[in-house]
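Hi,

Here is the structure I promised to pass on to you. Have a look at it first, and then read on for my notes on what turned up.

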Amino acid sequence: MAAPTPTSLGNRLLLSAILLNIGGNFAAGMYDVVWSLFLTGLGAGVELIGFTFMMFGVPIILLSPAFGRRADRGGILPYLIIGGLAPAITGIVYTFIADPRLAIPLILVEATGFAMLNPVLFAIVAAGSPAGRSSTAQGIYGAAGTIGFVLASLSSGFLAEADIRFPFYAFAAVMLACLIASLAVGGAALGRVGRGSPKILDPTN
């Protein structure tokens, strides 16, 4: 039986998506600041750095629609969890590589995580948007992500000045914290997003 849809923007599904969006955008802010410096320190040239940015886009372009389709049919939780863990884990593993070319397979793992995560976050926002408030919900969701980007951009420079690896550790910690908080806030309602129906959840459960 379908549960009632949200009637307020202050519901746990929208908050759950916002929390994890902050973590994901924290990654973007961090990488924009330190990625080129990190690879340059390992001996990479401009060509390899540009190639790594291109490779990040490949799994997202190729896999996001497929992951979104599977999440619609079978539920979002596996994609939410794996998609949140993969970037956090690779963020730590990056700091152990000595050859900049080893970043490429790690990028594919990280980007595959985001290819899983991004579609299900949109599904959660859609499910947590009250009727007639979808644009407002999207605006709040996007603004929260920008906050994560700004915080990472501000902090990463200071952390990198001490050690270029510190921003990666900070991102991993923030991403894991946001994933745990998102799962805790979303609760059982997250398990009912997808599964062939866009609106089958009670935001109070």
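The lining of the largest pocket is made up of 12 nonpolar, 5 polar and 2 charged residues. Please keep in mind that this is a predicted model.

That lining comes to 19 residues in total, and the ones nearest the pocket's centre are Ala27, Ala28, Tyr31, Phe56 and Phe114. Three elements each give two or more residues to the lining: α1 (12–41), α2 (46–74) and α4 (103–127). Which of the elements gives the most to the lining? That is α1, with 8 residues. As for volume, the largest pocket has about 370 Å³.

The other thing I wanted to show you is a helix pair. Besides its part in the pocket lining, α4 packs against helix α5 (residues 134–162). The angle between the two is about 135°, and their axes are 9 Å apart. Angles over 145 degrees would count as roughly antiparallel and those from 65 to 115 as roughly perpendicular, so α4 and α5 are oblique to each other. Their crossing is right-handed.

If you would like to display the contact itself, select Leu121, Phe122 and Val125 on the α4 side, together with Ala137, Gln138 and Tyr141 on the α5 side. Of the residues in this contact, 5 are nonpolar and 1 is polar, with no charged ones.

Happy to talk any of this through whenever it suits you.

Best wishes

Note on methods:
Residues are numbered from 1 along each chain as its sequence is written. This is a predicted model: local features need pLDDT of at least 70, side-chain atom pairs count only at pLDDT 80 or more; totals for chains, interfaces and linings use all residues. Side-chain values use heavy atoms; hydrogens and water are left out. On a 1 Å grid over the protein atoms alone, a cavity is a set of points where a 1.4 Å probe fits but cannot get out, and a pocket is an open set with protein on both sides within 12 Å along at least five of seven lines; lining residues have an atom within 4 Å of a point. Grid points are joined across faces, edges and corners, and a volume is the space filled by probe spheres set on the points. Helices (H or I, at least four residues) and strands (E, at least two) are DSSP runs, numbered from the N terminus. Ala, Val, Leu, Ile, Met, Phe, Trp, Tyr, Cys and Pro count as nonpolar, Asp, Glu, Lys and Arg as charged, and the others, Gly among them, as polar. Axes are lines fitted to C-alpha atoms, for helices over the stretch in contact, and angles run from 0 to 180 degrees between N-to-C directions. Angles under 35 degrees count as roughly parallel, over 145 as roughly antiparallel, 65 to 115 as roughly perpendicular and the rest as oblique. A crossing is left-handed if the near helix is turned anticlockwise from the far one by less than a right angle, and right-handed if clockwise. Contact means heavy atoms within 4.5 Å.
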